[in-house]
Amino acid sequence: MAPNQLQPPRGTHDLIGEDFARHQHVIDTARRIARLYGFAEWATPIFEDTRVFSRTLGDTSDVVTKEMYTFEDRGGESVTLRPEGTAGVCRAFVSNGLTQGNLPRKVFYAGPMFRYERPQKGRQRQFHQIGIEVLGAAEPLADAEVIACGWHIQRELGIEEGTVLEVNTLGDAPSRDAYRAALVAYFSAHREALSAESQVRLEKNPMRILDSKEAQDRALVADAPTIFAQLTDEARVFFETVCAHLERLGVPYRVNPRIVRGLDYYSHTAFEFVTERLGAQGTVMAGGRYNGLVEAMGGPPTPSVGWAAGIERVAMLLEAVGGAPAAPRPVAVIPVGDAAEAAALDVLQALRSAGVVAEIAYKGNLKRRMERANKISARYAVILGDAELAEGRVQLRDLDSGTQESVLAAALPARFV
RNA sequence: GCGGCCAUAGCUCAGUUGGCAGAGCGUCGGCUUGUGGUGCCGAAUGUCACGGGUUCGAGCCCCGUUGGUCGCCCCA
């Protein structure tokens with residue numbers, strides 16, 4: 001790289017060639033499957049009033065203090081590049097007056113997100129997510145369908161064998177409060193055995209001890225109480241119903257009582273599709289129920305559930321199973337001489353009108369244009385010069401077999417349908 | 001924000017105790033003025049990431065910066 005050459009900003013990357021093909025295939029597939037489940041696509045702004053995020057995150061977490069792209073615009077308003085998709089969808093749901101009637105509202109989205117973090121594989125400062133939300137549904141069937149849709153997308157992409165679905169329940173508010181107290185009691189009794197970091201967590205966010213990576217913590221966590229003893233009857237039945245629906249829908253899962261969420265508006269279902277293949281950033285798709293979020297955004301109580309998936313991480317799994325389907329191979333139209341070049345335009349338009357991918361090299365003699373045809377992976381070459389022109393015919397060359405035949409120009413498009 | 005490792009041609013990489021900057025692939029040209037993909041011949045391409053230091057001499061040793069990578073923190 002030349003000394004003064006501009007580099008992309010840290011933690012950003014260009015999507016070109018195969019990278020873009022995989023990225024787009026993930027979005028296309030997710031969009032298609034989400035539609036099967038009745039989701040409609042929304043596009044919301046990639047920056048929002050900072051309060052859209054700070055209001056829902058609290059103000060003590062690292063999330064707010066150091067990981068958001070927040071700045072003042074020229075009018076002095078504090079705006080933030082969206083770090084995730086759910087908050088913006090909920091804001092739009094409220095802003096557009098959709099909170100009453102016609103519920104649930106089922107939303108799909110895809111687009112860039114921004115988090116100011118130290119980059120590592122599968123974790124960039126600008127990254128991309130797909131996600132779905134069901135807004136205004138309190139029933140466990142919604143949770144099960146949301147999960148099933150995510151699993152269906154992975155299956156359609158062919159990556160489902162690389163991931164495992166883990167589900168848990170965070171219970172309702174009384175369950176959660178009782179569990180938090182039980183956890184604090186348990187870990188406080190073993191305080192000296194905890195890692196230094198987990199001793200801090202014990203004060204700030206005790207549930208996070210459950211997914212600590214420290215070996216000394218994991219031993220304690222293995223024997224820690226799970227939430228199941230603290231669940232209210234209602235919360236337990238809710239979770240059992242979600243699981244029963246998943247089984248009926250044919251979605252394989254395992255219960256992992258150590259899945260947690262940090263914020264209070266989460267309740268009941270929490271789930272993650274995880275993989276061993278991406279190192280420390282192994283969560284491919286994560287979601288859950290957030291009955292309190294729309295309310296925090298200024299709307300009415302709106303029980304909701306959804307998930308988001310990192311497109312880059314999904315694309316890495318996709319690469320491991322062969323990548324995106326190949327693009328259709330074009331037909332290369334190759335004129336010889338000026339008169340033929342003009343006539344080639346008619347051939348091109350006829351082919352494209354028939355839905356055939358067709359290209360013409362902009363310069364070069366026959367040899368050069370044949371070489372070019374090869375570089376663009378053309379399947380056929382259509383060659384026309386003065387001799388062909390005079391007869392209203394073209395040479396159709398199969399570039400894989402090398403065989404060539406004379407074809408009536410008018411009959412050409414029909415050869416490719 | 002913290003720590004380990006890394007940075008040489010478009011790509012993948014080699015480069016000996018510090019002594020002339022290399023290979024393969026790709027690219028371009030020719031063998032072939034109406035026929036590509038395979039073959040043969042030839043060519044171009046580098047502030048060795050950036051800045052400083054040590055040395056007669058630095059791709060190589062030292063310091064800093066930038067970027068990548070792996071882990072930690074965090075994970076909405």
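Start by selecting strand β11, residues 304-310, in this predicted model. Look at its two faces: S304, G306, A308 and G310 lie on one side, V305, W307 and A309 on the other, and all of them are buried. Seven of the seven residues are buried, so the strand is largely enclosed by the rest of the structure.

Next, bring up the strands that pair with β11. Select β6, residues 126-135: this strand runs antiparallel to β11, and the pairing takes seven bridges. To find one of the matched positions, click on E133, whose bridge partner in β11 is G306. Now add β10, residues 283-289, which also pairs with β11 in the antiparallel sense, over five bridges. Here G287 stands opposite W307.

E133 has a second reason to be on the tour. An unreviewed UniProt entry lists E133 under "binding site", along with E84, G85, T86, R115, Q129, R261, Y265 and Y266. Select this group and colour it, then visit two of its members.

Go to E84 first. You will find E84 in the loop between β4 (78-81) and α4 (86-95). Is E84 buried or partly exposed? At 22% relative accessibility, E84 counts as partly exposed. A polar atom of the E84 side chain lies 2.9 Å from the backbone nitrogen of T86. Leaving aside neighbours within four places in sequence, E84 is in contact with F53, M113, R115 and Q129.

From there, step across to R115, in the loop between β5 (105-114) and β6. R115 has 27% relative accessibility and counts as partly exposed. Beyond its neighbours within four places in sequence, R115 has contacts that include E67, Y69, P83, E84 and Q129.

Now show RNA strand B. How many residues surround RNA strand B? There are 46, and the closest are K121, R201, R208, K213 and L399. Colour this surface by class and you will see 22 charged, 15 nonpolar and nine polar residues. Helix α13 (366-375) is a good part to highlight, as it gives the largest share of the surface, seven residues. Other elements supplying at least two residues each include α7 (196-204) and β15 (393-398).

Finish by zooming in on individual atoms. Of the RNA atoms within 4 Å of the protein, 56% belong to sugar or phosphate and the rest to bases. On the phosphate side, a polar side-chain atom of R368 lies 2.7 Å from a phosphate oxygen, and an N or O atom in the side chain of Q120 is 3.4 Å from a phosphate oxygen. For a base contact, select E388: an N or O atom in its side chain is 2.8 Å from a base nitrogen of RNA strand B.

Notes. Residues numbered from 1 in each chain as written. Chains lettered and ligands numbered in written order. Predicted model: local features only at pLDDT ≥ 70, side-chain atom pairs only at ≥ 80, totals over all residues. Heavy atoms only, no water. Near = heavy atom within 4 Å. Polar contact = N/O pair within 3.5 Å; in protein donor to acceptor, adjacent residues only side chain to side chain. Helix = DSSP H or I, 4+ residues; strand = E, 2+ residues; numbered from the N terminus. Nonpolar A, V, L, I, M, F, W, Y, C, P; charged D, E, K, R; others polar. Buried < 20%, exposed > 50% of the residue type's maximum accessible area, 1.4 Å probe, protein only. Pairing = 2+ DSSP bridges. UniProt positions renumbered as here; feature names shortened; annotations may be inferred. Contact = heavy atoms within 4.5 Å.
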